[in-house]
Amino acid sequence: MADVITYREAVSEGIAREMRRDPSVVCLGEDIGAAGGVFKTTAGLFAEFGPDRIKDTPISEQAIVGMAMGAAMTGVRPVAEIMFSDFLACCWDYLANEIPKMRYMTGGQVKVPLVVRTANGGGLGFGAQHSQSVENWALAVPGLKVVAPATPADVIGLLAAAIRSDDPVLFFEHKGLFASKGETAPDGHLVPLGQAAVARAGSDVTIVALASTVPLALAAADELAEGGVAAEVVDLRCLVPLDMATVLASVGKTSRLLIVEENPYQGGWGGTVASVVADEGFELLDAPIRRVAAECVPLPFADVLEDQVIPTTAKVVAALRSLLAY
Amino acid sequence: MTGERRERRAQLATPLGPFERMAEIRAVEEHIQLLFNEGHVRGSTHLSNGQEAVAVGVAAAARLTDVVTCTYRGHGQALALGLTAKEVIGEIVGRTVGCAGGLGGSMHLVGPDVGLWPTFAIVGAGLPVAVGAALASQVNRSGRAAIAVFGDGAANIGAFHESLNLAAIWQLPVVFVCENNLYGEYTRIQLSTPVSDLADRAAGYAIPGLVVDGQDVAAVTAAVSEALERARADGGPTLLEMKTYRYSGHSKSDPGSYRPAGELDQWLRRDPITIEAGRLIDGGTATAEQLAAVSSRIAAEVRRAAADALAAPQPAVAEMLIHVHG
Ligand SMILES: Cc1ncc(C[n+]2csc(CCOP(=O)(O)OP(=O)(O)O)c2C)c(N)n1
Ligand SMILES: [Mg+2]
């Protein structure tokens, strides 16, 4: 049986593996050095790689990401950390205007091979400015690649692909998954960007999920399995590139589609998935496409309210039952 | 392309080089205004006439391998660094011969082989990018320095503060060159900025800050050279404030009527091309007749370059899709 590690440990393991094989990889961020990051996702890196490659920055989100851009353009592969994904708004100019457009506006002359990692998502009671799922913000910007792993092995494999990519990658680590455990990845493990995984095979209904909603979908599928329903769970892993071939193949088998996403329903990534299925897979469907997404409100603090807003296993089960009864 | 650009860059070191290049920048921008009036230029364009000495002085001081980030008012900087009139005009009229093949436009000029990395249309955006290039230089020990050219208005953007602070604590090899032309769009500097010398702000970062006569190309070259030397000797960043003036309005549609009567005339008496001509004549390097002949040769060359640019093909529609990702 393979070693088991946490999602949190997988982050530092994934970064360390790339830093060992490529001396041009440099990490930047607030408190990522000796402190190991506020989520301890960079624990051990400072001890191994030292202050020249694990760089503690001031609280300067624009400079962190803008500087990562300049360094990426001129020979370094930066891995920048933005502590909470909510803070991406503080450096959004770089993520919306500068980084994703540089290759394009220069006709391919300038590449920006960087990764911006960030702790995303709710469920931990951090309130409205430290809990958002903002992967849909990134999806709105052509030119970025958008990754959101659900398992420790995928964290390692996708980090490898993201750091080696010549394109800018926004890498969402889900706060609610940091403590979760899974098999570690073998040496050299690499998960290509844009390949969804079938996390559970089934023939009755397809659940498309991402990051934190993958375990919710799996738990819901387990619950339905007791009643004889075989749900298939597709873990998208990436929003850009988006592996719609795997989704359409699954819907071809099941004829029913439920999308489970933690970002708000309004403007959420599920709308894009639903749109492609409606366009390219309409005749595969026997029922309307359903989405379980966050309510369109700022995330409230109290546990009882937060659970009302973001997807839960119970909500996924209820949506599945109504979809199967259609 | 690269060979010609390098040759043009080397010309700045010849006795007549700075005069010639400033005259060329003036002629190109006058031509751009014509093309605009004739309807060949879409969108907007920001002329730098009056500020030629800053662009040429920066380029004359920088090495080919140094990294320059610049603003949308960057035609002059692009030409100074070595891009040809045809490449610059070609980009402004959206043709394949443009330095970005028509994908960038007037505000997005680029030429990494001569250090233009590139021009930025978001005020202040180039500062952190230059700091990042300086970080890459420190990491890779490449001996490269970075220069961020930005306006007086940009000195009130948060990225200015983050950049100077970070460059100072890490002692990065970067020179901050502020083109203080007294206006940010239609707003006079006194209404936006409490200090009369922006160079004073350097004290807040414990780095050298100097006021420079931005109309004197020799003074600009000397100040930038000294700052670059310090940067390369691990002496950290410098803030240089170039006192200068733009003769035109902010952009093509602005007649500049907010400027007090007589102000333009006063600055025209300190025209950078006239000042340099005076130096060449007084020093016995050239006669007024010789310089007049140089200017008319350049005007003819620019006319030809503009005609060539206009005659060049528009980009193929397929270009639209190929530069988003690698
Ligand atoms: C972040 C941002 N805010 C506003 C603008 C609109 N804008 C374009 S140029 C400009 C004035 C900038 O002035 P300054 O930095 O002094 O440069 P100058 O145009 O004088 O060269 C403004 C406000 C912009 N492009 N980017
Ligand atoms: Mg200005």
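In the predicted model, the C-alpha centres of domain 1 and domain 2 of chain A lie 26 Å apart. Domain 1 of chain A covers residues 4–183, and domain 2 covers residues 197–324. Their contact draws 26 residues from domain 1 of chain A and 23 residues from domain 2 of chain A. On the domain 1 side, α5 (135–139), β6 (145–147), α6 (152–164) and β7 (169–174) of chain A each supply at least two residues. By class, that side of domain 1 comprises twelve nonpolar, eleven polar and three charged residues.

Chain A also touches chain B. This contact takes 33 residues from chain A and 32 residues from chain B. Helices α3 (61–73) and α4 (92–105) of chain A each provide at least two residues of the chain A side. The most comes from α3(A), which gives nine residues. The chain A side divides into 13 nonpolar, 13 polar and seven charged residues.

Two backbone features of chain A fall in loops that follow one another along domain 2, and a cis peptide bond accompanies them. 

Arg237(A) has a positive phi of about 65°, although this residue is not a glycine. Arg237(A) sits in the loop between β11 (231–235) and β12 of chain A. Its surroundings are crowded enough to count as buried, because 27 other C-beta atoms lie within 10 Å and the cut-off is 20 or more. The peptide bond from Val240(A) to Pro241(A) is cis, with omega near -5°. Pro241(A) belongs to the loop between β12 (238–240) and α8 (244–254) of chain A. Ser255(A), likewise not a glycine, has a positive phi near 65°. The loop between α8 and β13 (257–264) of chain A holds Ser255(A). Ser255(A) counts as partly exposed, because it has 16 C-beta neighbours inside 10 Å.

Chain B contains 13 helices and eight strands. Its C-alpha trace spans about 55 × 50 × 40 Å along the principal axes. The radius of gyration of chain B is 19 Å, which agrees with the value near 20 Å for a compact globule of 326 residues. Of the 326 residues of chain B, 56% count as buried. Among chain B contacts between residues at least 6 apart in sequence, 75% join residues at least 24 apart.

Chain B has a cis peptide bond between Trp117(B) and Pro118(B), with omega about -15°. Pro118(B) is placed in strand β2 (residues 116–120) of chain B.

Helix α11 of chain B spans residues 272–282. Its buried residues are Pro272(B), Ile273(B), Glu276(B) and Ala277(B). Viewed down the axis of α11(B), these residues fall within an arc of 135°, so they line one face of the helix. They pack against four helices of chain B: α2 (17–37), α3 (52–61), α9 (217–232) and α12 (288–311). After α11(B) comes Gly284(B), with a positive phi near 75°.

Ligand 1 is surrounded by 15 residues. Those that come nearest are Val123(B), Gly151(B), Gly153(B), Ala154(B) and Gly184(B). The shell around ligand 1 has five nonpolar, six polar and four charged residues.

Note on methods
Residues numbered from 1 in each chain as written. Chains lettered and ligands numbered in written order. Predicted model: local features only at pLDDT ≥ 70, side-chain atom pairs only at ≥ 80, totals over all residues. Contact = placed C-beta atoms within 7 Å. Nonpolar A, V, L, I, M, F, W, Y, C, P; charged D, E, K, R; others polar. Near = placed C-beta within 6 Å. Buried ≥ 20, exposed ≤ 12 C-beta atoms within 10 Å, placed from the backbone. Arc of directions from axis to C-beta. Domains from an automatic or database assignment. Rg over C-alpha atoms; globule rule 2.2 N^0.38 Å.
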